[in-house]
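Biologist: I should like to learn how a model of this kind is read, feature by feature. Where do we begin?

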Amino acid sequence: MRSEAVVSHQQVGLWIIGAGFVVIVLGLIVWAGGLSWFGRLPGDIRIQGQSSTVFIPITSMIVVSVALSLGVNLVLRILRRL
């Protein structure tokens, strides 16, 4: 037997509002300079020539990947309990 989750329009609306709130908070953090460390971690590569710059944020991307993985797993665990 297959069980299907029924999601109401109100629940979807609340998730969209929550996602919008998260985007606004992240935008305010970036605007205030809270992410000034991004791209300046040890392991981030910056090669500057006379007319060009190559920037490879390896360590910063690993930090972002770990944070997103933890966040998604946390949300999925919360959703499974509902």
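## Reading the fold and its surface

Modeller: Let us begin with contacts along the chain. Of the contacts in the chain with a separation of 6 or more, 13% are between residues 24 or more positions apart. Please keep in mind throughout that this is a predicted model.

Biologist: Which elements does the chain have, and in what pattern along the sequence?

Modeller: The chain has 2 helices and 2 strands. Read along the sequence, these follow the pattern α-β-β-α.

Biologist: How does the radius of gyration of the chain relate to that of a compact globule of 82 residues?

Modeller: The general idea is to set the value beside the one expected for a globule. A compact globule of 82 residues would have a radius of gyration near 12 Å, whereas the chain has 19 Å. The extents of the C-alpha trace add to the picture: along the principal axes they are about 65 × 30 × 20 Å.

Biologist: What share of the residues counts as buried, and how much accessible surface does the chain have?

Modeller: Of the 82 residues, 5% count as buried. The accessible surface of the chain is about 7600 Å², and carbon and sulfur atoms hold 68% of that area.

Biologist: How does one check the span of a helix such as α1?

Modeller: One sets the expected rise against the distance between the ends. Helix α1 has 23 residues, which at 1.5 Å a residue should span 33 Å; the end C-alpha atoms of α1 are 33 Å apart, so the two values agree. Just after α1, Gly-33 takes a positive phi of about 90 degrees.

Biologist: Which residues make the nonpolar surface patch, and which helices supply at least two of them each?

Modeller: A general point on helices comes before the case. An α-helix has 3.6 residues a turn, so residues three or four places apart point the same way. Here, the nonpolar patch covers about 930 Å² and is made by Phe-21, Val-22, Val-25, Leu-26, Ile-29, Val-30, Leu-35, Trp-37, Phe-38, Met-61 and Val-63. Helices α1 (9–31) and α2 (58–81) each supply at least two residues of the patch. The largest share, 6 residues, comes from α1.

Biologist: Where is Trp-37 found, and why does Trp-37 count as partly exposed?

Modeller: Trp-37 is found in the loop between α1 and β1 (45–48). Its class follows from relative accessibility: Trp-37 counts as partly exposed because its value is 34%, and the partly exposed class lies between the buried limit of under 20% and the exposed limit of over 50%.

Biologist: Is Ser-60 buried or exposed, and with which residues is Ser-60 in contact?

Modeller: Ser-60, which has its place in helix α2, counts as buried because its relative accessibility is 0%. Leaving aside neighbours within four places in sequence, Ser-60 is in contact with Phe-38, Gly-39, Arg-40, Leu-41 and Asp-44. Phe-38 is also one of the residues of the nonpolar patch.

Biologist: What does Ile-45 touch?

Modeller: Ile-45 lies in strand β1 and, at 35% relative accessibility, counts as partly exposed. Not counting residues up to four places away in sequence, Ile-45 touches Val-54, Phe-55, Ile-56 and Ile-58. Ile-45 and Pro-57 are 12 residues apart in sequence and 6.1 Å apart in space, C-alpha to C-alpha.

Biologist: How far apart in space are Ser-65 and Gly-27?

Modeller: Separation in sequence and separation in space are read together. Ser-65 lies in helix α2, and Gly-27 has its place in helix α1. They are 38 residues apart in sequence and 19 Å apart in space, C-alpha to C-alpha. Gly-27 and Gly-49, in turn, are 22 residues apart in sequence and 32 Å apart in space, again C-alpha to C-alpha. As for exposure, Ser-65 counts as partly exposed at 41% relative accessibility, and Gly-27 is partly exposed with a relative accessible area of 35%.

Note on methods
Residues are numbered from 1 along each chain as its sequence is written. This is a predicted model: local features need pLDDT of at least 70, side-chain atom pairs count only at pLDDT 80 or more; totals for chains, interfaces and linings use all residues. Side-chain values use heavy atoms; hydrogens and water are left out. Patches are made of residues with over 30% relative accessible area and no salt bridge: like charges are joined within 9 Å, nonpolar side chains (Val, Leu, Ile, Met, Phe, Trp, Tyr) within 5 Å. Accessible areas come from the Shrake-Rupley method with a 1.4 Å probe; for residues, only the protein chains shown count as cover. A salt bridge is a side-chain nitrogen of Lys or Arg within 4 Å of a carboxyl oxygen of Asp or Glu. Helices (H or I, at least four residues) and strands (E, at least two) are DSSP runs, numbered from the N terminus. Buried means under 20% relative accessible area, exposed over 50%, partly exposed in between (1.4 Å probe, protein chains only). Contact means heavy atoms within 4.5 Å. The radius of gyration is taken over C-alpha atoms; the globule rule is 2.2 Å times the number of residues to the power 0.38. The expected span of a helix is 1.5 Å times one less than its number of residues.
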